[in-house]
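Here is a guided walk through one protein model, for a reader who likes to keep the structure open alongside the text. Please rotate along as you read.

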Amino acid sequence: MSDRFKFRAWNNELESYGYFNLGGRPKWDSVTKGNKTYHYSSLDCADTVEQCTGLKDKNGTLIFEGDICISGDKCRTSEIVFEEGSFRHKLKGGAHTSNISKMWVDVFDIEITGNIHDTEGVSKP
């Protein structure tokens, strides 16, 4: 669970994430939009901060709060949320289920298909 205290910060203007560890600062690469270059490296630039669950999907990708996941049979689409002191998955339609765990990832063959900020072509719960 060494990834448990990793975070990512979403910046609306850049439409991208900066990643950082507990006690660190998010780092975005310099981004040029139009004729302006942005250099962001502060939480002041973050519109949303999301924490890593410490779990990985079936492809080995870290699962963060705000990720959109789908089950291997393509029947269940969930958003990862942090509620009531734990990471949970919210099924499409808003129903809340039990906490997420490695067993949940393995049994349902969970795969990240997007996130709450960039869901083009993704069915958001």
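The protein chain holds one helix and eleven strands. Because this is a predicted model, what follows describes a prediction. Read along the sequence, the elements follow the pattern β-β-β-β-β-β-β-β-β-β-α-β. Of the 125 residues in the protein chain, buried ones make up 40%. Among the contacts with a separation of 6 or more, 48% are between residues 24 or more positions apart.

**An open sheet**

Let us begin with a sheet of four strands. This open sheet has the order β2-β1-β5-β6, and its pairing is antiparallel. Strands β2 and β6 stand at the edges with a single partner strand each, so one side of each has no neighbour in the sheet. From one strand to the next, the twist averages 35 degrees. Strands β5 and β6 run antiparallel and are joined by two bridges. Lys-56 stands opposite Leu-62 in β6.

Strand β5 covers residues 48-56 and includes Gln-51. Is Gln-51 buried or exposed? Its relative accessibility is 16%, and the cut-off for buried is under 20%, so Gln-51 counts as buried. Leaving aside residues up to four places away in sequence, Gln-51 touches Arg-4, Phe-5, Lys-6, Phe-7, Phe-64, Glu-65 and Phe-87.

One of those contacts, Phe-5, is worth a visit of its own. Phe-5 lies in the segment before β1 (6-11) and is partly exposed, with a relative accessible area of 47%. With residues up to four places away in sequence not counted, Phe-5 touches Phe-20, Asn-21, Leu-22 and Gln-51. From C-alpha to C-alpha, Phe-5 and Phe-20 are 8.9 Å apart in space, and 15 residues separate them in sequence.

**Aromatic rings**

How many aromatic pairs does the structure hold? There are four aromatic pairs, and two of them are set out here.

| Aromatic pair | Distance between ring centres | Angle between planes | Geometry |
|---|---|---|---|
| Tyr-19 and Phe-64 | 5.8 Å | 70 degrees | edge-to-face |
| Phe-82 and Phe-87 | 4.9 Å | 70 degrees | edge-to-face |

The pair of Tyr-19 and Phe-64 links distant parts of the chain: Tyr-19 belongs to strand β2 (residues 16-21) and Phe-64 to strand β6 (residues 62-64), 45 residues apart. Tyr-19 is partly exposed at a relative accessible area of 44%, whereas Phe-64 is buried at 4%. The other pair in the table also joins a partly exposed ring to a buried one: Phe-82 has a relative accessible area of 39%, and Phe-87 has 8%.

Tyr-19 and Phe-64 also belong to one aromatic cluster together with Trp-10 and Tyr-17. Tyr-17 has a charged companion as well: Arg-8 lies over the face of its ring, at 4.1 Å from the ring centre.

**The nonpolar core**

In soluble globular proteins, nonpolar side chains tend to be buried together. Which residues form the largest nonpolar core here? The core has ten residues: Leu-55, Ile-63, Cys-69, Ile-80, Phe-87, Ile-100, Trp-104, Val-105, Ile-110 and Ile-112. Phe-87 therefore brings together three parts of this story: the ring pair with Phe-82, the contact with Gln-51 and a place in the core.

Val-105 is another core member to look at. Residues up to four places away in sequence aside, Val-105 touches Leu-55, Lys-56, Asp-57, Lys-58, Ile-63 and Ile-110. Among these contacts, Leu-55, Ile-63 and Ile-110 are listed in the core too.

**Strand β7 and its neighbours**

Cys-69, also in the core, leads us to strand β7 (residues 67-70), which is covered on both faces. Asp-67 and Cys-69 are buried on one side, and Ile-68 and Ile-70 are buried on the other.

Which strands does β7 pair with? Four bridges join β7 to strand β11 (residues 111-115), and the two run antiparallel. Within that pairing, Asp-67 stands opposite Asn-115. Strand β8 (residues 77-83) also runs antiparallel to β7, with three bridges between them. Here the bridge partner of Cys-69 is Ser-78. The hairpin of β7 and β8 has six residues between the strands, and in it Lys-74 takes a positive phi near 65 degrees.

Technical notes
Residues numbered from 1 in each chain as written. Predicted model: local features only at pLDDT ≥ 70, side-chain atom pairs only at ≥ 80, totals over all residues. Heavy atoms only, no water. Buried < 20%, exposed > 50% of the residue type's maximum accessible area, 1.4 Å probe, protein only. Contact = heavy atoms within 4.5 Å. Phe/Tyr/Trp six-rings, centres within 6.5 Å; stacked < 30°, edge-to-face > 60°. Lys NZ or Arg CZ within 6 Å of the ring centre and 35° of its normal. Pairing = 2+ DSSP bridges. Axes fitted to C-alpha atoms, helices over the stretch in contact; angles between N-to-C directions. Core = buried A, V, L, I, M, F, W, Y, C linked by side-chain atoms within 4.5 Å.
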